[in-house]
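Please open the model in a viewer and keep the selection panel at hand. The tour visits empty spaces and then helix packing.

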Amino acid sequence: MTALDAPTTDAVVGVTKLRKEDAHLVTGRTRWTDNVQLPGLLHVALVRSPMAHARVTDVDVSAALEQPGVVAAYTGADLVEHWSGGLPCAWPVTEDMRSPVHLPIATDEVRHVGDAVAVVVARTRYQAADATEFVVVDYEPLPVVTDMEAALADGADLADSTLDSNECFTWPMVNGDIDAAFDGAAHVVTRRFVNQRLIPTAIEPRAVVCAPPRDQREFTMWSATQIPHILRLMLALTCGVPEHELRVIAPDVGGGFGSKLNVYAEEAICLVLAKLLDQPVKWTESRTEGYVATIHGRDQVQDLSIALDEDGRIRGLKAKLLADMGAYLQLVTPGVPLLGAFMFNAIYKMDALSFECTGVFTNKTPTDAYRGAGRPEATYAIERLIDEAAHEIGMEPFELRERNWIKHEEFPYETIAGITYDSGNYEAATARAKEMFDYDGLRAEQARRRESGDKVQLGIGISTFTEMCGLAPSRVLGSLSYGAGGWEHASVRMLATGKVEVVTGTSPHGQGHVTAWSQIAAQALGVPYEDVEVRHGDTAVAHKGMDTYGSRSLVVGGYAVQVACDKVVAKAKRVAAHMLEASEDDLEFDRGTFSVRGSPDASRTIQDVALAVFAAHDYPEDMEPSLDSDATVDPENFSYPHGTHLAAVEVDTETGMVHLRDYVAVDDVGKVINPQIVEGQVHGGLAQGIAQALFEEAVYDAEGNLVTGSLVDYYVPSAADLPTFRTDRTETPATSNPLGVKGVGEAGTIASTPAIMNAVVDALRPMGINDVPMPASPRNVWETIQSAAPPVGGDKASGATNGGAA
């Protein structure tokens, strides 16, 4: 526990409370979607294309219909009339954006391995899966597009024959005089970085259960989703079911990281099948199936140039991106790289910024939001580039950062990207991180090892980051052509016995909302933490909400809970004043008790008031007999957490093996509701960011086959691959919400990847190496070393050999 965790007397917020969610999670009493069992339940299996790009000339399901237990089988043509225009993309980033029709089941053309071409329904999951082997599909191969630069070349093959180009969009942004910034620069440093494709790999695979109306008029869908409210709306628009006749439930959901922030084909398919068959249906993906059917993340090529004065002051930055959309546009696919546009300047002051992103279609699984969504890519680019610039101009990496970052007394600060950072203190976070890390001591050790020619070199990596999260405000999102707002809703109900129900529009999948929202409500209302129940994830219970993604839940959803609680207290104060025959102005509210100022014995608890309102025998004539309150909030600004992360790695120059020796993270996430939850979020984020740096990569061959299509080939690190993280916090409260909180769910992921890769490159810098492709696996590191090393008996740099001049 740090000094920031020390609670005030009787405080509920700011202290560690054991998570309410965990008891049923660790004792096997969870209800995952795949656990849902209903009378007459049928099972769904999909026939998926083994080809990355092909024309579908015929699909024959007749043999499948004869298999044991099979109830129905359909082709895409059989069901096409049941979808209205295909699956939705909610972010048309430019007016001329190309957006191919994405049918849940393809009819005439498949565009990536895993594209569905038919569906089989049977009495058991295994009967359905077996029957898919009897569906006969005739394919006519089409050219496969897997490389973004080749896809944009003149005369390139098309990833989609219905389009006239593989370019999805080009989105530019220029602020300041970029030409003047570069023309007068003493130094210009240019680099290309690649953010490789990743596969989210949530611990729970996706699953869907859909039941047709029975006693009620509504369809009921259970889905392992992050977005029950958005899913309900989009399925109503896609499948022709009135929104008020569809109930969506997100039960216990085992992680998402953005992969469950989507409206997927399988959800639309299950809804239509339940309607056609008038029986409940279930689909659960296998891990291998999910690797081609669930979205991927990242996959950007970044070309950057930074202009600096002689003394290292940053004048301007140019960023030009290629972003792989995959074969289709999922819910927010085109907007993901643009979220990073406003973060390329990071914590640094500069005179001009030029950003351009081109989205590119390929015959791969679609990309979409993955933990951080555009911000990790931008942070990786700028933090790597800052290290490269420091090396090029002969300046210590921290010195260059400190020379250019925004000082704490300059907040609020309008950045060159046109957004306003409300608060921060980069100096404090950095000072604490360097102290914990023993930065100077490690630099001294590094110098000794270099001088001795040690085969295992020490590298030190720095990442001083900020991020834009808490997806809001709605008007800003509208200006970026996003199809929804950033508001959030909460309801607080005071029961007659003094217990409290909080209904939230956020939908947790591991974050700890039930615990944190209980703490907020308990503190605001002065009731015991144990007396608060939080309800979520069911559109029949929480009738409105914008769900969970983008580190928005606390800064928007928690904010809504606080405002709703404040309204409850305001109503209760009127009733208490009436009961005490006192003026509202004379009442004080402290720890759940209303008392008359100067007369502490004249008091009523909020529980007393709740019971009196329930009885409704005596209450103010001009108010309703209810304390229940709703709140819909729309924050005025984004949330901007920040921090300094430091990594020490040891690189074996003979084998390429990278050992992560130490990792220190000092984050500033504003005020903290529950320190243990924050710690868990940071640890999980670090694991995923480090995984990108050292372990994970989704690899396709030239034919569009995913060659890392299972956990055998796609390396997800375990605790054994990671060190004990050393973490701490500084605190500068946010000014955009009354809780003073900032997002934390993505911070570790955003900051850690550049810290690790800066350390790897730092270890190899004496060998003339200024970049290592991610992941920094032994093979990639070894090959980089070999390509940099002079040939045996010669000097690669000069071309000289022992036999004389070349």
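A pocket, as the word is used here, is an open set of grid points with protein on both sides within 12 Å along at least five of seven lines. The model under inspection is a predicted one.

**Stop 1: the second largest pocket**

Select Thr146, Asp147, Val194, Asp299 and Lys364: of the 19 residues that line the second largest pocket, these are the closest to its centre. The volume of this pocket is about 390 Å³. Next, colour α5 (148-151), β8 (187-198) and β13 (297-308), the elements that give two or more residues to its lining. With four residues, β8 gives the most. Colouring the lining by class will show eight nonpolar, two polar and nine charged residues.

**Stop 2: the largest cavity**

Turn now to enclosed space. Five cavities of 30 Å³ or more are present in the structure, and the largest has a volume of about 140 Å³. To centre the view on the largest cavity, select His102, His112, Ala265, Glu266 and Ala293, the closest to its centre among the 17 lining residues. Helices α8 (265-277) and α9 (287-293) each supply at least two residues of this lining. By class, the lining comprises nine nonpolar, five polar and three charged residues.

**Stop 3: helices α19 and α20**

Display residues 675-694 as α19 and residues 747-764 as α20; their axes come within 7 Å and cross at roughly 40 degrees. The two helices are therefore oblique to each other, and the crossing is right-handed. On the α19 side, show the contact residues Val682, Gly685, Leu686, Gln688, Gly689, Ile690, Gln692, Ala693 and Leu694. On the α20 side, add Gly748, Thr749, Ser752, Thr753, Ile756 and Met757. This contact between α19 and α20 contains seven nonpolar, eight polar and no charged residues.

**Stop 4: helices α11 and α20**

Keep α20 on display and add α11, residues 375-393; the axes of α11 and α20 are 8 Å apart, at an angle of about 30 degrees. Angles under 35 degrees count as roughly parallel, and α11 and α20 are therefore roughly parallel to each other. Their crossing is right-handed. From α11, select Arg375, Pro376, Thr379, Tyr380, Glu383, Arg384, Asp387 and Glu388, which meet Ile750, Thr753, Pro754, Met757, Asn758 and Val761 of α20. What classes of residue make up the contact of α11 with α20? Six are nonpolar, three polar and five charged.

Terms used. Residues numbered from 1 in each chain as written. Predicted model: local features only at pLDDT ≥ 70, side-chain atom pairs only at ≥ 80, totals over all residues. Heavy atoms only, no water. Axes fitted to C-alpha atoms, helices over the stretch in contact; angles between N-to-C directions. Parallel < 35°, antiparallel > 145°, perpendicular 65-115°, else oblique. Left-handed = near helix turned anticlockwise from the far one by under 90°. Contact = heavy atoms within 4.5 Å. Nonpolar A, V, L, I, M, F, W, Y, C, P; charged D, E, K, R; others polar. 1 Å grid on protein atoms, 1.4 Å probe; cavity = no way out; pocket = protein on both sides within 12 Å on 5 of 7 lines; lining within 4 Å. Points joined across faces, edges and corners; volume = space filled by probe spheres on them.
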